[in-house]
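User: I am new to this model and would like a close look at one part of it, with its surroundings explained step by step.

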Amino acid sequence: MDIARPAGHRPRRLVEAFSSPDSYGLVLLLILVTYALSATITAAWAVSLVLVVQIATVWVTLRASRARRLARVIANAILVISALAALVNLFIHQETAGTGFLAALSGLLYLVAPFSIVRHLAQRGMVDLQTVLGAIAAYLLVGMFFAFLYRALGAFGSQGDGAFPQDLFFSFTTLTTTGYGNLVPADNPGQSFAVLEMLVGQLFLVTAVAKVISAWQPGQAGTGLRARGED
């Protein structure tokens, strides 16, 4: 028997999904905020602001994904270093080494988060709104990781002098294999990383994200995953 839900039940659940610190919806919102800030504000002080938002993003991600103790310890160490680097950057602006160091720290933050999300989603045993939001968040985190990786390579002088908005644009067009062709890596290792990003992006999209979306049934609390061999 189907039980009628109150009219305001679904909107309330949606608001909670994007506001609770234990929700992947908040992670997704923080990723979008980071992207917007990184793409639109290019002042030197903005690097510190972006890093603060990234720290919040990773912290919420580790909380929502119930990260293991070792992952939390490693991430907390990176978070502390990142916070100190953001503070120092407000007073001392280094155009090359400083930018590369901050970009490398940002990349490390976004490298830890997707693994924690994927591990948690694999252990949940159900497909619901949080699973969908978590899969999308992990996919976007991969794109952000490669963007900061390209920024670090560029800052250290191995991949040209493009601005960070261009790194973001190139990363996500590569991740989704859109490939407009107006931006290309100048040399290795950037070319090799671009190939790796294409492979990771497509494999993750056609396996994890597609499987989650196809199994999700909106309106249900959760859809249990069928055990192997069960008909």
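In which loop is the place of R66?

Analyst: R66 sits in the loop between helix 3 and helix 4 (69-89), where helices (H or I, at least four residues) and strands (E, at least two) are DSSP runs numbered from the N terminus. This is a predicted model, in which local features need pLDDT of at least 70 and side-chain atom pairs count only at pLDDT 80 or more, whereas totals for chains, interfaces and linings use all residues. Residues are numbered from 1 along each chain as its sequence is written, and side-chain values use heavy atoms, with hydrogens and water left out.

Although R66 is not a glycine, its phi is positive, at about 50°. Most residues other than glycine have a negative phi, and most peptide bonds are trans. T177, likewise a residue other than glycine, has a positive phi near 55°, and T177 belongs to the loop between helix 7 and helix 8. That loop also holds P189, which is joined to N188 by a cis peptide bond with an omega of about 10°.

From the loop of R66 we can turn to helix 3 (residues 46-64), whose axis comes within 9 Å of that of helix 2 (residues 24-40) and crosses it at roughly 165°; axes are lines fitted to C-alpha atoms, for helices over the stretch in contact, and angles run from 0 to 180 degrees between N-to-C directions. Helix 2 and helix 3 are therefore roughly antiparallel to each other (under 35 degrees counts as roughly parallel, over 145 as roughly antiparallel, 65 to 115 as roughly perpendicular and the rest as oblique). The contact (heavy atoms within 4.5 Å) involves residues including Y24, L26, V27 and L30 of helix 2, and L49, V50, V53 and Q54 of helix 3. Its residues divide into 13 nonpolar, 5 polar and no charged, where Ala, Val, Leu, Ile, Met, Phe, Trp, Tyr, Cys and Pro count as nonpolar, Asp, Glu, Lys and Arg as charged, and the others, Gly among them, as polar.

Helix 2 also packs against helix 7, at an angle of about 130° and with the axes 7 Å apart. That angle makes helix 2 oblique to helix 7. Here Y35, S38 and A39 of helix 2 meet F164, P165, L168 and F172 of helix 7, a contact with 6 nonpolar residues, 1 polar and no charged.

Helix 7 (residues 164-175) in turn packs against helix 8 at an angle of about 50°, their axes 8 Å apart. Helix 7 is therefore oblique to helix 8. This contact joins F170, S171, F172, T174 and L175 of helix 7 to A194, E197, M198, G201 and Q202 of helix 8, and by class it has 5 nonpolar, 4 polar and 1 charged residues.

Helix 8 (190-215) leads on to the second largest pocket, since its lining draws at least two residues each from helix 5 (97-124), strand 1 (126-127), helix 6 (129-155) and helix 8. Helix 8 gives the largest share of that lining, 5 residues. By class, the lining holds 13 nonpolar, 2 polar and 1 charged residues.
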